[in-house]
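Here are some short exercises to work through with the model open beside you. Try each task before reading its solution.

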Amino acid sequence: MSVTENTSTLIAPHGGQLVDRLVATPSQAELTGLKTVALNARTAADLELLANGAFSPLTGFMGQADYDAVVTGMRLANGLPWSLPVVLPVTPAEAEKLAPGDRLLLALNGAPFAFLELEEKYSYDKQREARLVYGTDDEKHPGVANLYAQPDVLLGGPVEVFQCPTPSELVAPYYRSPLEVRQALSEKGWSKVVAFQTRNPVHRAHEYIQKSALEVVDGLLLHPLVGETKSDDIPADVRMRCYEVLLKNYYPANRALLSVFPAFMRYAGPREAIFHALVRKNYGCSHIIIGRDHAGVGSYYGTYAAQEIFKEFAPAELGITPLFFENSFFCQRCGNMASYKTCPHPDSDHLNLSGTKVRNMLAAGEALPVEFSRPEVAAVLMEAYRTPQEATS
């Protein structure tokens with residue numbers, strides 16, 4: 001199944017067509033007697049993105065040939081670039097009850113969501129995947145920890161999805177499928193569109209590189225990830241309020257579109273940068289901003305490793321164009337935002353706040369410097385970090 005769209009001025013989806021695995025709600029008779037496989041929040045998120053075409057050209061969870069090709073060489077078995085596995089893990093006991101050819105029911109919290117046509121089941125080497133995909137087998141890495149916690153058998157096969165999770169009230173207005181984003185971009189008359197991936201509020205440094213990119217494209221897709229992240233990341237509902245006030249007060253209304261990306265964060269650094277680029281291509285973006293330590297965590301990846309990895313592909317293979325930016329900051333002597341490419345002054349003149357420092361300031365009720373965060377954004381964050389006692393006093 002693929003989607004017909006009237007968005008011919010936009011970049012083509014990865015693989016040429018936007019996949020559509022959504023089907024009509026089945027009758028009770030169609031559900032009766034099927035073996036059920038339980039989803040968790042992560043596999044349910046992948047299922048939704050398979051269904052709506054965000055993971056085009058994938059039509060289901062990867063079989064062994066695609067899995068092996070992606071893990072070892074960042075390509076599907078047919079040679080098309082793809083950098084991260086999209087898999088459905090089950091326990092050996094569950095797998096023992098299943099056989100290729102089975103039509104399975106996929107359920108989340110007991111509610112049926114989709115069918116899986118089981119083509120194969122196979123084992124995999126978690127440490128090998130960790131080393132190749134995450135660049136480390138250290139279980140302290142959050143992505144590796146999640147990998148190690150997965151069951152030991154993978155199921156592969158195409159899916160048909162008849163139900164997707166209901167988005168939260170705050171996220172719902174910005175909840176668009178790739179086709180819906182493409183239609184919105186087309187209506188705006190944009191053809192050159194830059195994506196910005198984030199799991200954090202947009203601070204002045206992010207704003208600076210987004211607006212720099214806006215000088216050379218038609219519009220910006222601000223595309224925050226709103227699925228599962230680390231426990232110390234700022235919650236999605238708080239971030240959404242930050243994005244709303246920022247766009248309302250500091251961006252031209254006809255140059256930016258806010259929409260959410262309902263994926264979970266893998267923290268795979270360079271490989272996830274490629275993954276984020278290919279997915280945004282499916283949403284209609286011709287360009288993507290790749291800044292410092294894109295999708296990184298801790299000190300596992302080099303500062304600009306996520307930019308270097310793009311050299312491993314011919315530009316035409318990826319299709320989407322990365323826009324590389326250095327670390328940005330407010331320079332007190334320049335009196336504005338800058339980077340090492342534009343500012344001659346020493347680090348002592350630069351305002352840089354780590355995520356930990358920001359969280360500590362917010363928890364202590366301290367205002368964030370205006371050079372770091374727009375006052376409207378800081379106000380949202382400070383309100384969110386107030387203690388219950390303060391909030392009700």
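For the class counts below, Ala, Val, Leu, Ile, Met, Phe, Trp, Tyr, Cys and Pro count as nonpolar, Asp, Glu, Lys and Arg as charged, and the others, Gly among them, as polar. Keep in mind that this is a predicted model.

**Exercise 1.** Find the largest pocket and describe its lining.

Solution.
- Start with the space: the largest pocket holds about 1,200 Å³.
- Next, look to its centre, where Arg199, Asn200, His206, Arg292 and Gly355 are the closest of the 41 lining residues.
- Then trace the elements: β8 (193-198), α8 (204-214), β13 (328-331) and α13 (355-363) each give two or more residues to this lining.
- Finally, sort by class, which yields 16 nonpolar, 15 polar and 10 charged residues.

**Exercise 2.** Which element gives the most to the lining of the second largest pocket?

Solution.
- This pocket has about 380 Å³ of space.
- It is lined by 25 residues, and Asn40, Arg42, Thr43, Pro89 and Gln150 are the closest to its centre.
- At least two lining residues come from each of β1 (36-39), α2 (41-51), β3 (88-90), α5 (126-134) and α6 (142-149).
- Of the elements, α6 gives the most, with four residues.
- By class, the lining has 14 nonpolar, six polar and five charged residues.

**Exercise 3.** Which residues of helix α7 (residues 178-187) are buried, and what covers them?

Solution.
- Take buried as under 20% relative accessible area.
- Pro178, Leu179, Val181, Arg182, Ala184 and Leu185 are the buried residues of α7.
- Their cover includes β8, β9 (219-224), β10 (256-258) and α10 (270-282).
- After the helix comes Gly189, with a positive phi near 80°.

Terms used. Residues are numbered from 1 along each chain as its sequence is written. This is a predicted model: local features need pLDDT of at least 70, side-chain atom pairs count only at pLDDT 80 or more; totals for chains, interfaces and linings use all residues. Side-chain values use heavy atoms; hydrogens and water are left out. On a 1 Å grid over the protein atoms alone, a cavity is a set of points where a 1.4 Å probe fits but cannot get out, and a pocket is an open set with protein on both sides within 12 Å along at least five of seven lines; lining residues have an atom within 4 Å of a point. Grid points are joined across faces, edges and corners, and a volume is the space filled by probe spheres set on the points. Buried means under 20% relative accessible area, exposed over 50%, partly exposed in between (1.4 Å probe, protein chains only). Contact means heavy atoms within 4.5 Å.
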